[in-house]
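Please examine the sequence and the three-dimensional structure shown here before reading on. The explanation is intended to be followed with both in view.

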Amino acid sequence: MYCCEDHIELAIDMYVDEKETAPEIEKIDSNGKLSTRCQLCEKPAIYAVGE
């Protein structure tokens, strides 16, 4: 799941609830060029949460 700074905690909680394990969290290096959006609010994504 891709998420913004505002939704990182919610994304982690959702992952743990679903998978019952801690997720890998990777910061996305976009340099303003990546168009990936937060899957919860459509702001630019900063983190990838999951496997």
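The paragraphs below treat the sheet, the helix, the core and the loops in turn.

This is a predicted model, in which local features need pLDDT of at least 70 and side-chain atom pairs count only at pLDDT 80 or more, while totals for chains, interfaces and linings use all residues. Residues are numbered from 1 along each chain as its sequence is written, and side-chain values use heavy atoms, with hydrogens and water left out.

The sheet offers a convenient starting point. It is an open sheet of 3 strands in the order β1-β3-β2, with antiparallel pairing. β1 and β2 stand at the edges and have a single partner strand each, so one side of each lacks a neighbour in the sheet. Strands and helices are here DSSP runs, numbered from the N terminus: E over at least two residues for a strand, H or I over at least four for a helix. Two strands count as paired if DSSP finds at least two bridges between them. Strand β1, residues 2-3, is joined to β3 in the antiparallel sense by 2 bridges, and Cys3 stands opposite Tyr47 of β3. Strand β2, residues 24-27, also pairs with β3 in the antiparallel sense, over 4 bridges. Within that pairing, the partner of Lys27 in β3 is Tyr47, and the partner of Glu26 in β3 is Ala48.

Helix α1 lies across β1, β2 and β3 and runs at about 15 degrees to β3. For such angles, axes are lines fitted to C-alpha atoms, for helices over the stretch in contact, and the angle runs from 0 to 180 degrees between N-to-C directions. The length of the helix can be checked against expectation. At 1.5 Å a residue, the 12 residues of α1 should span 16 Å, and the end C-alpha atoms are 16 Å apart, which agrees; the expected span is 1.5 Å times one less than the number of residues.

Which residues of α1 are buried? They are Ile8, Ala11 and Tyr15, where buried means under 20% relative accessible area, exposed over 50%, and partly exposed in between, with a 1.4 Å probe and protein chains only. Seen down the axis of α1, these buried residues fall within an arc of 60 degrees, so they line one face of the helix; the arc is that of the directions from the helix axis to the C-beta atoms. An α-helix has 3.6 residues a turn, so residues three or four places apart point the same way. The buried residues of α1 pack against β1, β2 and β3, whereas Glu9 and Asp17 are exposed on the other side of the helix.

The largest nonpolar core brings helix and sheet together. Its 8 residues are Cys3, Cys4, Ile8, Ala11, Tyr15, Cys38, Tyr47 and Val49. A nonpolar core is a set of buried Ala, Val, Leu, Ile, Met, Phe, Trp, Tyr and Cys residues joined through side-chain atoms within 4.5 Å. At least two residues of this core come from each of α1 (8-19) and β3 (47-50), and α1 gives the most, with 3 residues. In soluble globular proteins, nonpolar side chains tend to be buried together.

Two core residues of the helix show how the elements meet. Ile8 is buried, with a relative accessible area of 13%. Leaving aside neighbours within four places in sequence, Ile8 is in contact (heavy atoms within 4.5 Å) with Cys3, Ile25, Tyr47 and Val49. With the same neighbours left aside, Ala11 is in contact with Met1, Cys3 and Val49.

The loops complete the account. Most residues other than glycine have a negative phi. Glu20, which follows α1, has a positive phi near 55 degrees. Glu20 is found in the loop between α1 and β2 and is exposed, with a relative accessible area of 72%. In the loop between β2 and β3 lies Glu42, whose phi is also positive, near 75 degrees. Glu42 is exposed, with a relative accessible area of 53%.

Pro44 also has its place in the loop between β2 and β3. Not counting residues up to four places away in sequence, Pro44 touches Cys4, Thr36, Arg37 and Cys38. The C-alpha atoms of Pro44 and Ala11, 33 residues apart along the chain, are separated by 15 Å.
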